Amino acid sequence: MNRESMPPHFAPAPSDVTMLSRHVGAGVHRLPRATHHRVMVHASAATRSYCDQAGRYFVRRAGDIDLVPAGEEGGFEAETPFDTMEIVLPLALMERVAAELGGKGLISRLDTRHLLRDQRIEHLAKALQSDLAAGAPSGPLFADSIGAALAVRLLGLDGPDVGRVNRLSDAQLKRVLDHIETALHEPLSIDRLSRVAGASSSHLRTWFKAAMGVTLHRYVLRRRVERACVLLRRGDLGTSEVAALTGFAHQSHLAHWMRRETGQTPRDLRRAQT
């Protein structure tokens, strides 16, 4: 995750969902047009600024959200320095999610928004920030899930609950669970699993949680931890080898999630075996 002042323009790869942590100085700033959507979550105490587009002053507080759709530009004058989290959502991602939820007409509702308060968006932003700050150890499935969840939320701000769907069939659920079991050691993305299920990624996330009582990302992590515990108890592999065989970025990543899920680290488990 980068940390920089506002002026440098960030140009992500077309398929990337990422975040910049910015420190913005007092003064006049321009937001040039971009080919991606920008979601900015205020991360400082109360800050007063004048918005050129709205022609008025705003006082932003921690958690306030601004949305600048692709192709839109903006400008403001900040009276004092402040910190912000800027999330980049590729246009292709928004179009795909909109198509899955009911057509591209949903995107036409996207407009520049100021001082939006939405706990779900704020929570998703903080989760993405934490993962990127740690070097993105959770892999592409986590970033994909966060990006798609943000897209669903943004597309549904002014409309009905577009995420309300039915359920996975028994056959679809079995295909997903079996695929996870055989590929725990590989990067698992939401797109990959949605193809296995034969469902859109947006529907898969909702249907999977309804069926299993846990998010797809958390289920994969739990199965990786359970598989790692089995391998660690065998005692013939090092911790780093076990981490690689169960899809964790490194042994510290494995230790973190083992502690979260079982209350034990790999070292604790090995000691208990002696």
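Colleague: In this predicted model, what covers the buried residues of H2?

Modeller: Helix H2 comprises residues 119-133, and among its buried residues are Ile121, Leu124, Ala125, Leu128 and Leu132. An α-helix has 3.6 residues a turn, so residues three or four places apart point the same way. What covers the buried residues of H2 includes strands S2 (18-24), S4 (36-42), S7 (65-68), S9 (82-90) and S10 (113-116), and helix H3 (140-155).

Colleague: How many Å apart are the end C-alpha atoms of H2, and what span should its residues give?

Modeller: Helix H2 has 15 residues, and each is counted at 1.5 Å. The expected span is 1.5 Å times one less than the number of residues. That span agrees with the distance between the end C-alpha atoms of H2, because both are 21 Å.

Colleague: Which backbone nitrogen does a side-chain oxygen of Asp118 reach at the start of H2?

Modeller: A polar contact requires a pair of N or O atoms within 3.5 Å. The side-chain oxygen of Asp118 comes to within 3.1 Å of its partner, the backbone nitrogen of Arg120.

Colleague: Which residue just after H2 takes a positive phi?

Modeller: The phi angle in question is about 90°. The residue that takes this positive value is Gly135.

Colleague: Which strands are the edge strands of the open sheet of four strands?

Modeller: The order of this sheet is S3-S8-S5-S6, with antiparallel pairing. An edge strand pairs on one side only, and the two are S3 (27-31) and S6 (56-60).

Colleague: Which residue in S8 stands opposite Arg30?

Modeller: Strands S3 and S8 (residues 74-78) run antiparallel and are joined by five bridges. The residue of S8 opposite Arg30 is Gly75.

Terms used. Residues are numbered from 1 along each chain as its sequence is written. This is a predicted model: local features need pLDDT of at least 70, side-chain atom pairs count only at pLDDT 80 or more; totals for chains, interfaces and linings use all residues. Side-chain values use heavy atoms; hydrogens and water are left out. Two strands pair if DSSP finds at least two bridges between them. Buried means under 20% relative accessible area, exposed over 50%, partly exposed in between (1.4 Å probe, protein chains only). Contact means heavy atoms within 4.5 Å. A polar contact is a pair of N or O atoms within 3.5 Å; within protein, one must be able to donate a hydrogen and the other to accept it, and residues adjacent in sequence count only if both atoms are side-chain atoms.
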